[in-house]
Amino acid sequence: MFTRLSLLLAVLMFSIAALAADNQYVLGVDGLACPFCAFGIEKRLNKVDGVTDIEIDIGDSVVRVTLQEGKTLTEEQARQAVKEAGFTLRSYAEAEGGSGGRDSQ
Amino acid sequence: MLVSALLLTNSATVYAAPNTFNTALPVAKGQYVWREQLVLRQRSDDGPMDRDVSVQALGNVLGYGVTSKFAVFGAVPYFFDKELDVTLPFGRAERDTDGFGDISLFGRYTLYQNDFTGGTFRVSPVFGVTAPTGDDNDRDSLGELPRPLQAGDGAWDGVAGVVTTYQTLQYQVDAQVLYRENGRHDGFALGDETRFDASLQYRIWPRSLKGVPGTPGFVYGLLESNLIRRERDEIGSGTDANSGGTQWLLAPGLQYVTRSWIVEGTVQLPVSSNPNGNAIEDDYIVRVGFRRNF
């Protein structure tokens, strides 16, 4: 009985933590090939409501965007921001553990 | 007659890549790019007047992304000193000036863009004008300075060309064709200029991006080539036989590129020269500076 209760409690805590977690998205960006160019993507994505962090892995041409709880980044928003920076959105996906979005590729 | 063209600027933009000319890489919508470049330029001729010209100047450029495809730039040089040493009938004379030069405004539009993972290929027309904002009638004890020595040329000038960029994570190649038509003012016009530029930048650090997270700073080694053809200066109804010509310069250099900053330096050295008569040609041009994103 105690084991069952412990397991239930653990699952509950994990679920609450997952629900409270920030939303993270992974964007594949084509055309990005130098550090100085990466700044423009950061600048455009930072204008999206709720964005708290942006990490760019330039070697993989991948941008990781974190939004505060309850905020989402739609594929259209991501595509528009990347386009306004002068680049092309290759892929869009919600990072594992997030609560919305979908993989476009 | 005394000196040939002394133009400092060559429409170099502020964004990434080449140090001596333009690139087709984008400026994001709403993004500013600021560039400062210290230029030390030494010129001379082989004629009997034994002219030596030395220029110490700061190139100031501000760029802005109107859209992701269209960027505008404003540029103005400040001459700390623009000095001519020349042999005259009474002996050696030194003449110089300083101050702000002519303001240039130009635009660049991305006409073709092919993005792929880890790289891009772009073609962008460039067009602009230079306004006669610099002093064009400075004088010294010998009278009015020769027109090419003035900080400004006194006329509206037009610039048009095309720049193309192929960039990958490992290297970048830029090429440009640019024509500059210099206007006429008070019976004088600097010779028009046609230039063919090419640049190769190769990432030398980090040597590999495998397993490197985030966006590290890149160190590029670069080699640039500038083939410049200048027409003769127009004076009155004729031309100055000792002005203009063709010169080919090579420029090795280094760049350190981060997300927000570029620090860079190059030295342009003449490989071959074919001046008209005893026209002044470049001996060397040192360019060091930085660019800043915001």
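Two strands are treated here as paired if DSSP finds at least two bridges between them. The model on screen is a predicted one, and the tour below moves from the strands of chain B to chain A and then to the contact between the two chains.

**Stop 1: strand 10 of chain B and its partners**

Select B:Val162 and B:Val177. These two residues are bridge partners, with B:Val177 lying in strand 11 of chain B. Now extend the selection to residues 157-168, which form strand 10, and to residues 171-181, which form strand 11; the two strands of chain B pair in the antiparallel sense over ten bridges. The connection to display next is the hairpin, in which two residues join strand 10 of chain B to strand 11 of chain B.

Strand 10 also pairs with strand 7 of chain B, residues 119-131, in the antiparallel sense and over twelve bridges. To locate this pairing, select B:Gly119, whose bridge partner in strand 10 of chain B is B:Thr168.

Which residues make up the covered face of strand 10 of chain B, and which the uncovered one? Colour B:Asp157, B:Val159, B:Gly161, B:Val163, B:Thr165 and B:Gln167 for the covered face. In a second colour, mark B:Gly158, B:Ala160, B:Val162, B:Thr164, B:Tyr166 and B:Thr168 for the uncovered face.

**Stop 2: strands 1, 18 and 19 of chain B**

Select residues 281-293 of chain B, which are strand 19, together with residues 32-44, which are strand 1; twelve bridges hold this antiparallel pair. Within the pair, B:Leu38 has B:Val288 of strand 19 as its bridge partner.

Next add residues 261-275 of chain B. This is strand 18, which runs antiparallel to strand 19 and is joined to it by eight bridges. Here B:Thr266 stands opposite B:Arg287 of strand 19. Strands 18 and 19 of chain B form a hairpin with five residues between them, and B:Gly277 in the turn has a positive phi of about 60°.

**Stop 3: a three-strand sheet in chain B**

Chain B also has an open sheet of three strands, ordered 12-15-16 and paired antiparallel. Strand 12 (188-189) and strand 16 (238-239) of chain B are at the edges with a single partner strand each, so one side of each has no neighbour in the sheet. Strand 12 and strand 15, residues 234-235, of chain B pair over two bridges. Select B:Ala189 to find one of these pairings: its bridge partner in strand 15 is B:Glu234.

**Stop 4: chain A and its helices**

Hide chain B and display chain A, which has three helices and four strands. Read from the N terminus, its elements follow the order α-β-α-β-β-α-β. Chain A has 105 residues, of which 36% count as buried.

Select helix 2 of chain A. Eleven of its eleven residues are buried, so this helix is largely enclosed by the rest of the structure. The buried residues include A:Phe36, A:Phe39 and A:Ile41, and also the charged-side-chain positions A:Glu42, A:Lys43 and A:Arg44.

Move to helix 3 of chain A, where A:Ala78, A:Ala81, A:Val82 and A:Glu84 are buried. Viewed down the axis of helix 3, these buried residues fall within an arc of 165°, so they line one face of the helix. They pack against strand 1 (23-30), helix 2 and strand 4 of chain A. Just after helix 3, A:Gly86 takes a positive phi of about 100°.

**Stop 5: the nonpolar cores**

Show both chains again. The largest nonpolar core has 47 residues, and those with the most contacts inside it are A:Leu27, A:Val29, A:Leu32, A:Ile41, A:Val65, A:Ala78 and A:Val82. Helix 2 of chain A (residues 35-45) gives the most to this core, with six residues. Apart from this core lies another, of 13 residues, among them B:Val53, B:Leu149, B:Ala151 and B:Ile285.

Return to A:Val82. Residues up to four places away in sequence aside, A:Val82 touches A:Leu27, A:Val29, A:Ile41, A:Phe87, A:Thr88 and A:Leu89.

**Stop 6: where the chains meet**

How many residues of each chain are in contact with the other? On chain A there are 25, in contact with 31 residues of chain B. Helix 2, strand 2 (51-57), helix 3 (75-84) and strand 4 (88-94) of chain A each supply at least two residues of the side that touches chain B. Helix 2 of chain A provides the largest share of that side, eight residues. By class, the side of chain A that touches chain B has eleven nonpolar, six polar and eight charged residues.

Notes
Residues are numbered from 1 along each chain as its sequence is written. Chains are lettered from A and ligands numbered from 1 in the order in which they are written. This is a predicted model: local features need pLDDT of at least 70, side-chain atom pairs count only at pLDDT 80 or more; totals for chains, interfaces and linings use all residues. A nonpolar core is a set of buried Ala, Val, Leu, Ile, Met, Phe, Trp, Tyr and Cys residues joined through C-beta atoms within 7 Å. A residue is buried if 20 or more other C-beta atoms lie within 10 Å of its own, exposed if 12 or fewer, and partly exposed in between; C-beta atoms are placed from the backbone. Two residues are in contact if their C-beta atoms, placed from the backbone, lie within 7 Å. The arc is that of the directions from the helix axis to the C-beta atoms.
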